[in-house]
Amino acid sequence: MGLFNARRRRRVTGGGRTPDPRAVAYLEQWVAARRGVEAFVEPRTTVTEHTVVLVAHDGEWTRRRMPGPAAAYALGRRIGIPVYDVALVGYPQRMRDYTARLTREAKRSQRP
């Protein structure tokens, strides 16, 4: 039992883990291909680990897992983009508008 408890504690706090190199490479490429990108750190939930959402100037976005908030902030500093805590500032309106636009377009394309 002690082994599993120690493992759980490391998982909850981030345990000093580093982000998946494939996710970091993807995020770096994503930022390089777009302008006006900002990062939003999402908290851990019962379903998902910590994540970072990158949002471009036009609202296009992508999400990847991070071992903890510190890793997301470090990634933002390294890439040179602003990083915000989504629990404090919320998601940008342009992200919601982009998602709504995609949903409308998908519904239109399904019409006979």
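**Stop 1: the positive patch**

Select Arg101, Arg104, Lys107, Arg108 and Arg111. In this predicted model, these residues form a positive patch on the surface. Now pick out arginine 108 alone. Arginine 108 sits in helix α5, which spans residues 93-110. Keep helix α5 in view, since another arginine of this helix comes up at the next stop.

**Stop 2: from helix α5 to strand β1**

Select arginine 94 and glutamate 38. Their side chains meet in a salt bridge, 2.7 Å from N to O. Arginine 94 belongs to helix α5 and glutamate 38 to strand β1. The two residues are 56 residues apart, so this pair links distant parts of the chain.

Buried or exposed: what does glutamate 38 count as? Glutamate 38 counts as buried, because its relative accessibility is 19% and the cut-off for buried is under 20%. Its partner, arginine 94, is partly exposed at 24%.

The structure holds six salt bridges. This is one of them. Two others follow.

**Stop 3: along strand β1 to strand β3**

Move to glutamate 42 and add arginine 63. These two form a salt bridge, and their closest N and O atoms are 2.8 Å apart. Glutamate 42 lies in strand β1, whereas arginine 63 lies in strand β3, residues 61-65. The pair therefore ties together parts that are 21 residues apart in sequence.

Colour by accessibility here. Glutamate 42 is buried, with 7% relative accessibility. Arginine 63 is partly exposed, at 34%.

**Stop 4: arginine 44 and glutamate 49**

Select arginine 44 and glutamate 49. Which kind of contact do the side chains of arginine 44 and glutamate 49 meet in? They meet in a salt bridge, with 3.7 Å from N to O. Arginine 44 counts as partly exposed at 33% relative accessibility. Glutamate 49 counts as buried at 11%.

**Stop 5: the aromatic pair**

Return to strand β1 and show the rings. A pair of aromatic rings is described by the distance of the centres and the angle of the planes. The structure holds one aromatic pair. Phenylalanine 40 and tyrosine 84 form this pair. Their ring centres are 5.4 Å apart. The planes make an angle of 35°, and the pair is tilted.

Where do the two residues lie? Phenylalanine 40 is in strand β1, residues 38-42, and tyrosine 84 is in strand β4, residues 83-85. They are 44 residues apart in sequence, so the pair ties those parts together.

Compare how the two rings are covered. Phenylalanine 40 is buried, with a relative accessible area of 4%. Tyrosine 84 is partly exposed, with 30%.

Stay on tyrosine 84 and bring back glutamate 38. Draw a line from C-alpha to C-alpha. The distance is 7.8 Å, while the sequence separation is 46 residues.

**Stop 6: the nonpolar patch**

Keep Tyr84 selected and add Leu88 and Val89. Together they form a nonpolar patch on the surface. The accessible area of the three together is about 320 Å². Within this patch, focus on leucine 88. Leucine 88 is found in helix α4, residues 86-89. It counts as exposed, because its relative accessibility is 73% and the cut-off for exposed is over 50%.

**Stop 7: helix α3**

Select leucine 75. Its place is in helix α3, residues 69-79. Leucine 75 counts as buried, at 6% relative accessibility. Now add glutamate 28. Leucine 75 and glutamate 28 are 47 residues apart in sequence, yet their C-alpha atoms are 9.0 Å apart in space.

**Stop 8: the loop between α1 and α2**

Select arginine 17. It lies in the loop between α1 (2-13) and α2 (21-32). Arginine 17 is partly exposed, with a relative accessible area of 43%. Then add alanine 71. The two residues are 54 residues apart in sequence, and 8.6 Å separates their C-alpha atoms.

**Last stop: zoom out**

Clear the selection and show the cartoon. The protein chain has five helices and four strands. Trace them from the N terminus: the order is α-α-β-β-β-α-β-α-α. How many residues are in the protein chain, and what share of them is buried? The chain has 112 residues, and 31% of them are buried. Phenylalanine 40 is one of the buried residues, and leucine 75 is another.

Note on methods:
Residues numbered from 1 in each chain as written. Predicted model: local features only at pLDDT ≥ 70, side-chain atom pairs only at ≥ 80, totals over all residues. Heavy atoms only, no water. Patch = residues over 30% accessible without salt bridge, like charges linked within 9 Å, V, L, I, M, F, W, Y side chains within 5 Å. Areas by Shrake-Rupley, 256 points an atom, 1.4 Å probe, with all protein chains shown as cover. Salt bridge = Lys/Arg side-chain N within 4 Å of Asp/Glu carboxyl O. Lys, Arg positive; Asp, Glu negative; His and termini not counted. Charge placed at Lys NZ, Arg CZ, Asp CG, Glu CD. Buried < 20%, exposed > 50% of the residue type's maximum accessible area, 1.4 Å probe, protein only. Phe/Tyr/Trp six-rings, centres within 6.5 Å; stacked < 30°, edge-to-face > 60°.
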